[in-house]
Amino acid sequence: MKHSVLVATLFSLIMVLVGCASGDDSSENGNLSADNFSAFIDENPSLEQIIGTLGGTTNMGSLNFSITDQNPSGAITVNTGTGELKVANPSLFDFETNQIITGSFKVTNGSLSETASISINVNDVDETITFEGNVFLNTQQDVANFGVNGVTEITGRLLIGRFDEPYSDITDVSMLSSLTTVGEGVQVLYNENLSDISSLSNLTSVGGIEIAFNPMLNNLSGLQNIEGSLSGSLSIGHNPLMENIDELHQITEVGQSLIIIFNDNLKNLGGLAAINHVQGEISIAGNPELFDAQGLSGITSAGGGLVISLNNSLIELPLFNNESFPGPISIQSNEALLSVDGLSQLTSAGASIRIQNNLSLKDLTGLSGFSTIEAGILIIANNSLENLNGLENLTGQVLGLEFSANTLLSDFCGIQPLVSSSNFTGPFTASNNAYDPTQQDIIDGNCSL
């Protein structure tokens, strides 16, 4: 009897062990697979937008999903239980930046695992939102109210600030960062505490630019991507902290006037070096720290006049490479200016030339290329000027000559060919100079002391 019990016990134990061994075999015989994932999605999706479901199969148990890598990082997330793939960072789904988002994922079931790839193609979508007409933003609330619309294009003009005092309360223009185009131009005017317009950096095309009366603005960061031709004017004025305008370096033509005035700390015009044509007047005035104006030397054609005045640190004019200014040329009240050699490439003027109150100017040899001036020449109150050498080649039409209050001017022989010519129709005036000859004195050879 004891032997039978022992046999039965051993048999039961063997069956248990066989059963356990049989269970282990079923785990080892399980299967698991993962499918490569591919999808398309429009750019600018919403947060947690569903992209699709990762694929995986098993013949037993449940699956667990995890992302093992992704490029760019942080773009997508997955539900570990269902494999549902979602947008984690909408800003990374930008066709212009990331046309495809890639990665890999792992499917696990107990000790089993498989990996597969993820490929998400980002579709380019027309993101243009156009506002027809002008936009005038006079207050910070105006900026906020307009900015929420995500407008990318304004067909008219954009005013940030006011057209006159009192100053606006605008300090932040970051809500305008979607703007890429402003048809008639951007004006940033009368903003007392606005110190940063860098949020406008998506702007690439504007009709014109006017930045004026912004006492806290010290640079034009935000305008650096504007390129090509302006149909309107380029005007930078009354910005006392601005030291340079380098961000304008991609502008090549100005369809109306170029005006750089009364910027107390502006030191150079290097940002204008790409400009080759200005259709209207060029006015560089009232910039007391401006010592380098050579940024204008790329100009090869001009449709208006030239004013360079009240730039007390300017020693020399930029070298203009155009043949003529159709409008008047005025070089006035530049205390440190030593010469007008920057005008040496010009051959004619469509209006008058006025050179006045340049206290350090010693000679006029920079005018030696001129043969015709359709109006008159006025040389007034240049206290270091001793002679008129440089005017010998003026033999074409000149309607009048005035020389006044040049306290050291005693030699007029440079204009003898002109005043002796029938092309000179007068009048001729010389007064309060070191020597004041008559026209006949000069013709007779009594042209100097």
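Where is the place of Glu48? Select Glu48 in your viewer and you will find this residue in the loop between strand S2 and strand S3, the latter covering residues 50-53. Keep in mind during the tour that the structure you have open is a predicted model. While Glu48 is still selected, look at its backbone, where phi is near 65°, a positive value in a residue other than glycine.

Next, select strand S2, residues 37-42, and show its side chains, which alternate along the strand. Phe37, Ala39 and Ile41 point to one face and are buried, while Ser38, Phe40 and Asp42 point to the other face and are not buried. Now add strand S9, residues 112-123, to the selection, and you will have two strands that pair in the parallel sense over six bridges. To follow one of these contacts, begin at Phe37 and move across to Ile118, its bridge partner in S9.

From S9, continue into the loop that leads from this strand to strand S10 (130-131), and select Asp126, which lies there. Asp126 counts as exposed because its relative accessibility is 66%, and the cut-off for that word is over 50%. If you then add Glu96, Asp124 and Glu127, you will see that these residues gather with Asp126 in a patch of negative charge on the surface.

The next stop is a pair of residues with opposite charges, Glu84 and Lys86. They form a salt bridge, in which the closest N and O atoms are 3.8 Å apart, and a search of the whole structure finds one salt bridge. Glu84 counts as partly exposed because its relative accessibility is 24%, and Lys86 counts as partly exposed because its value is 25%.

Now turn to the peptide bonds, and select Asn71 together with Pro72, which are joined by a cis peptide bond with omega at about 5°. Pro72 has its place in the loop between strand S5 (64-71) and strand S6 (76-78). Then go to Glu165 and Pro166, where the peptide bond from the one to the other is cis, with omega near 5°. Pro166 is found in the loop between strand S13 (157-161) and strand S14 (181-182).

Finish at Ala405, in the loop between strand S32 (400-404) and helix H3 (416-419). Its phi is near 60°, a positive value in a residue other than glycine, and Ala405 is partly exposed, with a relative accessible area of 29%.

Methods. Residues numbered from 1 in each chain as written. Predicted model: local features only at pLDDT ≥ 70, side-chain atom pairs only at ≥ 80, totals over all residues. Heavy atoms only, no water. Buried < 20%, exposed > 50% of the residue type's maximum accessible area, 1.4 Å probe, protein only. Helix = DSSP H or I, 4+ residues; strand = E, 2+ residues; numbered from the N terminus. Pairing = 2+ DSSP bridges. Patch = residues over 30% accessible without salt bridge, like charges linked within 9 Å, V, L, I, M, F, W, Y side chains within 5 Å. Areas by Shrake-Rupley, 256 points an atom, 1.4 Å probe, with all protein chains shown as cover. Salt bridge = Lys/Arg side-chain N within 4 Å of Asp/Glu carboxyl O. Charge placed at Lys NZ, Arg CZ, Asp CG, Glu CD.
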